Amino acid sequence: MPLKTKQNLLIPIVWFCCSFLLNAQSFTVNKPIKLVLHWVPQAQFAGYYVALEKGIYQKFGLDLRIITGGPNVSVNDCVTSGRAEFGTYFLLNATKLAAQGIPLINIAQLSRRSALILVAKKSSGILKPDDLNDRKIGLYQEEFSDIPLAFIKNNSLDVNIIPIATGIHIFLHGGTDVTNVMWYNEYHTILNCGYNPDELTTFYMSDYGFNVPEDGIYCLRSTYDANPEVCKRFVEATMEGWRYAFDHPVEALDIIIGEMKEAHIPANLAHQQWMLARMQDIILPNGQTEFTTYLTPDAYEMSGKILIENGSVKTVTSFENFYVPVGKYAEK
Amino acid sequence: MELKSYQENKATVIEIIGSLDTMTAPEFEKQVTEMIDSGSNIIISDCNHLDYISSSGLRVLLMTLKNITNKGGKFVLFGMQESVFEVFKICRFDNLFTIVADKAAAMQSIE
Amino acid sequence: MLRNRTLRFKLSAYILTGTILVMTVLFFYYYSVSRKLILESARKNAQHLTMETVNSIENVFRPSAKIPENLAFVLDNGIFDEDKLHCLVETIVKKNSEVFGSTVAFEPGAFFPDQQRYAPYYFKNGEQVVESDLNDPAYNYHLQDWYQIPKELDKPIWSEPYFDEGGGDVIMATYSVPFYWPVLENRETEFRGIITIDISLVWLTQVFNNLSIYETGYGFLLSQSGKYLVHPNPDDIMNTSIFDIAELHRDQKIRDLGRKMVRGETGFMTIVDPFSGKEVFLHFAPFPSSGYSMGIVIPVDELLADLSHLNRNIGIIGVLGILALFGVISLISGRITEPIRRLSGATTLIGQGDFNAALPKIDTNDEIGQLMHSFEKMQIALAEYIENLKRTTADKEKIEGELRIAHDIQMSIIPRTFPPFPDRSDVDIYGILESAKAVGGDLYDFFLLDEDRLGAAIGDVSGKGVPASLFMAVTRTLLRAKSMNMKNASPGKIVTSMDIDLCTENDASMFVTFFYFILNLKTGELEYCNAGHNPPFVLDENSKITALDTVHGFPLGVMEAEPYQTGKIMIKPGTRIVLYTDGVTEAENEARELFKEKRLLDTLKLMKDVQDPKEITLAVKSAVKGFTLEAEQSDDLTMLVITYLGGNFNQE
């Protein structure tokens with residue numbers, strides 16, 4: 001081949017190498033890192049927004065950008081396509097995706113307990129699981145219905161499942177008898193539509209053997225392998241953001257409300273207040289003061305078991321493949 | 001001195017109560033003069049309660065006696081106390097005046 | 001404390017206190033009644049306003065609801081062809097001004113058996129009506145509330161309000177009506193789909209904005225879930241629910257209010273508005289058709305603002321009134337008490353002796369005026385009385401002056417030089433005459449008839465004072481005259497002669513008790529005559545005491561009777577003769593007891609060996625004084641003691 005040919009090949013090779021390097025996510029600390037959240041801005045993600053606003057990521061040497069989530073944003077698409085380095089997933093969902101072959105790893109398990117609740121009105125006569133027989137259950141989306149369905153199967157209940165969109169109005173109007181809600185979110189919405197807790201029957205999935213925690217930070221294995229330091233810093237900065245948010249709830253709420261307004265999302269202070277408080281209960285349960293981001297093998301196993309039993313997956317990947325302890329909070 | 005008077009048959013009975021002295025003599029004189037002027041010229045005097053008489057008293061009794069006597073009447077004294085009678089005796093007025101023991105005697109003496 | 005204050009102060013204090021009390025009671029009564037009335041009226045207003053607003057809004061909701069309901073009736077009857085369906089929907093939007101958009105959304109396969117979703121949708125875009133549909137799988141209308149809820153509930157329903165798709169600030173609500181097609185095989189019907197109309201709720205906010213609820217009152221509107229659709233704070237619209245507010249302010253009362261409202265209750269309450277922190281009245285009522293609810297809020301302080309204003313004014317007027325009242329009362333009571341004060345001043349002057357002190361001029365006819373007149377009369381009477389008193393006193397003093405002179409004259413006619421015959425040693429005499437008044441009726445007298453004979457007399461004229469003294473003077477003159485004239489007559493004859501003269505022209509019936517003796521100093525022969533007088537005592541040379549108690553006749557001047565007799569005794573030298581009047585024996589002490597003869601006798605017994613007549617006299621006087629003590633002297637005290645010494649001839 002003449003030199004020309006060699007020259008012609010050089011550029012593609014160089015480009016390939018560069019892109020490989022790029023794809024390998026090798027970057028200096030000043031390169032922007034993106035986090036994609038799995039829903040619209042709300043107190044559920046307080047730690048991230050606060051860490052960003054208070055310059056904590058910056059302090060840790062990270063130039064972090066947050067990609068706003070929402071109904072039209074698929075976290076998984078962003079992460080797998082490389083548009084975002086980090087994303088927040090529910091454990092169950094991530095387990096399923098990992099089982100389906102996506103090289104996703106959990107680098108920090110923030111939620112320490114399940115926040116999923118099946119709620120019914122006492123006035124409809126539902127007081128215990130057996131009362132659910134022949135009643136209408138509104139279940140929202142696949143991600144949220146796995147566990148309730150497992151619960152139904154476990155209790156041998158014969159129910160009428162009504163798929164619903166987000167929102168509890170159909171439940172409030174009596175279109176469904178039971179609906180699934182997150183403790184930190186829709187449960188409060190029900191309360192603040194005028195229902196007192198003593199008028200509601202709640203089935204906490206965590207009380208019925210389905211204590212699968214939700215929120216966690218995930219990234220592609222390749223991302224971690226290329227930049228474990230960045231991942232470590234990201235997790236630790238994030239947790240520091242959460243610490244600040246819990247210690248300064250008024251300021252944190254201010255930041256969140258600001259973000260919500262910017263995203264043209266109705267921002268309800270009372271609701272966010274509740275959400276932040278519940279996130280604290282979830283991330284630091286039982287009065288804990290120290291963070292743990294360690295994913296327990298039991299939680300992963302339960303997650304896998306549910307998916308296998310309901311036939312979503314055949315097998316799940318190994319715990320070591322799924323979870324990598326990152327940062328100082330990942331002690332057992 | 002108090003002077004009480006009432007009619008008994010044809011006599012006017014006057015009762016002298018207290019003392020007849022310089023202070024009281026004018027009152028006696030006035031009242032009795034009125035009596036005499038209005039026609040009673042038969043006067044019998046009850047001296048049971050006449051406790052004392054001075055020379056002024058004697059004088060006014062003397063005047064009464066003269067007045068009544070001039071008018072042709074009668075003036076009798078009765079029931080006089082011992083001490084008063086003594087005074088009359090010294091002046092010998094017991095001879096001058098008609099002095100009797102009691103009213104009955106007085107009534108009798110004027111018949 | 002109040003006792004010693006001036007009338008003016010007392011009047012002011014009592015009247016003011018009373019007035020203030022009355023005013024305070026009145027004020028509180030009026031205030032509480034007014035307040036109640038105002039609040040009651042406001043409550044009624046709120047109620048009416050609420051009802052009116054509900055009615056006017058229902059008058060839009062209900063007719064609007066009819067539109068899809070009517071279409072549902074139509075659709076219930078069977079399958080429509082596509083064109084007709086589109087036409088119907090388009091017409092709904094075109095012909096109804098309040099309808100923004102409308103759809104008929106079918107169950108999967110209900111229209112086209114192979115089509116999951118079929119929902120033609122027409123909406124207004126400016127003047128035009130645009131055709132569209134809701135078939136986007138991403139939208140998945142089957143899971144939308146406006147579809148699912150009426151489907152599951154089998155009844156029409158108004159949706160929660162939402163912002164329109166255009167992204168504007170237009171709040172919309174959708175009314176969904178389910179429709180059913182009959183199942184051919186049997187009589188039953190099967191759910192086929194939902195008919196909706198979308199209407200804008202902008203007019204609703206306008207209605208609320210146009211509500212005139214006093215100045216600071218406002219109305220608010222809640223959705224079925226309690227979310228604010230209309231609220232004075234724009235941030236909370238479509239964002240916050242009443243329960244959120246309750247949670248943020250930790251106010252259970254507000255939460256309870258929200259619960260009542262979303263459950264369609266009507267009511268009225270007084271509550272603290274968390275937005276203003278003020279107490280407000282709140283009347284709430286539901287919109288029966290849509291499940292929304294509204295409340296009318298009236299700040300209590302605005303309601304009572306006028307009342308507060310009024311109170312303040314009344315307070316000011318009241319205070320000013322009280323001050324004015326105080327001033328007036330002060331003035332009037334001052335005016336009333338002024339004459340009293342002046343009168344008091346004038347009477348003080350009168351009391352000090354200025355009887356002509358000017359009394360203040362009062363010409364009112366009230367009690368003060370009458371008092372003044374009475375005082376004037378009293379002043380005149382007083383002045384006259386004082387004048388009379390002065391004159392009488394002056395007269396009296398004149399008389400007393402004359403009496404003193406008369407006294408001196410009287411005393412000068414009674415021998416007062418003792419011893420009377422210093423160069424005779426055969427007789428000694430001492431006498432005293434102390435009159436009870438300035439001039440009296442007692443007398444004594446003695447004189448030498450000739451070388452050997454002494455005449456001595458003592459007498460007591462009936463009565464006292466000037467008449468008695470005059471009579472006494474006459475008697476004494478007669479005695480001397482007769483004695484000189486009838487030089488050798490016996491005492492009896494002399495006394496008889498005296499009596500004849502005294503009886504003549506004696507209209508006053510005065511008489512004098514009289515005792516007269518003639519003593520022959522050489523022989524000791526004593527001749528005497530007693531005309532009704534106290535018998536004298538004789539103390540003989542052996543100190544034996546006897547009384548010369550023969551009385552020879554009436555007192556002198558009584559009447560001409562028989563001639564007086566003469567008594568005769570012989571006395572020896574050393575004999576003392578004690579003449580006295582009843583001023584001695586009838587001397588009274590304070591207990592109105594009389595000295596009596598016994599005491600005189602006792603005193604004389606003590607003196608029985610005393611020759612000196614002065615000593616004897618003074619002893620008796622002393623005894624009498626010692627008896628009468630402080631008692632006023634009621635009668636003249638007269639004594640004459642003659643001591644016959646005899647035998648001694650004057651040495652020449």
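Author: In this predicted model, A:His264 adopts a positive phi of about 55° just after α11(A). The helix that precedes A:His264 merits a closer reading.

Reader: How many residues does helix α11 of chain A have, and what span does it reach?

Author: Helix α11 of chain A covers residues 249-262, which is 14 residues. From first C-alpha to last it reaches 20 Å, close to the 20 Å expected at 1.5 Å a residue.

Reader: Which residues of α11(A) are buried, and why do they line one face of the helix?

Author: The general idea comes first. An α-helix has 3.6 residues a turn, so residues three or four places apart point the same way. In this case, A:Ala252, A:Leu253, A:Ile255, A:Ile256, A:Glu259 and A:Met260 are the buried residues of α11(A). They line one face because, viewed down the helix axis, they fall within an arc of 160°.

Reader: Are A:Val250 and A:Glu262 of α11(A) buried or exposed?

Author: Both A:Val250 and A:Glu262 are exposed, on the other side of α11(A).

Reader: Against which elements do the buried residues of α11(A) pack?

Author: They pack against α2 (46-53), α10 (228-247) and α12 of chain A.

Reader: How should one read the contact between chain A and chain C?

Author: One may begin with the residues in contact: 21 of chain A and 22 of chain C. On the side of chain A that touches chain C, β7 (160-164), α7 (169-173) and α12 (269-283) each supply at least two residues. The largest share, 4 residues, comes from α7(A). By residue class, this side of chain A divides into 11 nonpolar, 10 polar and no charged.

Conventions
Residues numbered from 1 in each chain as written. Chains lettered and ligands numbered in written order. Predicted model: local features only at pLDDT ≥ 70, side-chain atom pairs only at ≥ 80, totals over all residues. Contact = placed C-beta atoms within 7 Å. Nonpolar A, V, L, I, M, F, W, Y, C, P; charged D, E, K, R; others polar. Expected span 1.5 Å × (residues − 1). Buried ≥ 20, exposed ≤ 12 C-beta atoms within 10 Å, placed from the backbone. Arc of directions from axis to C-beta.
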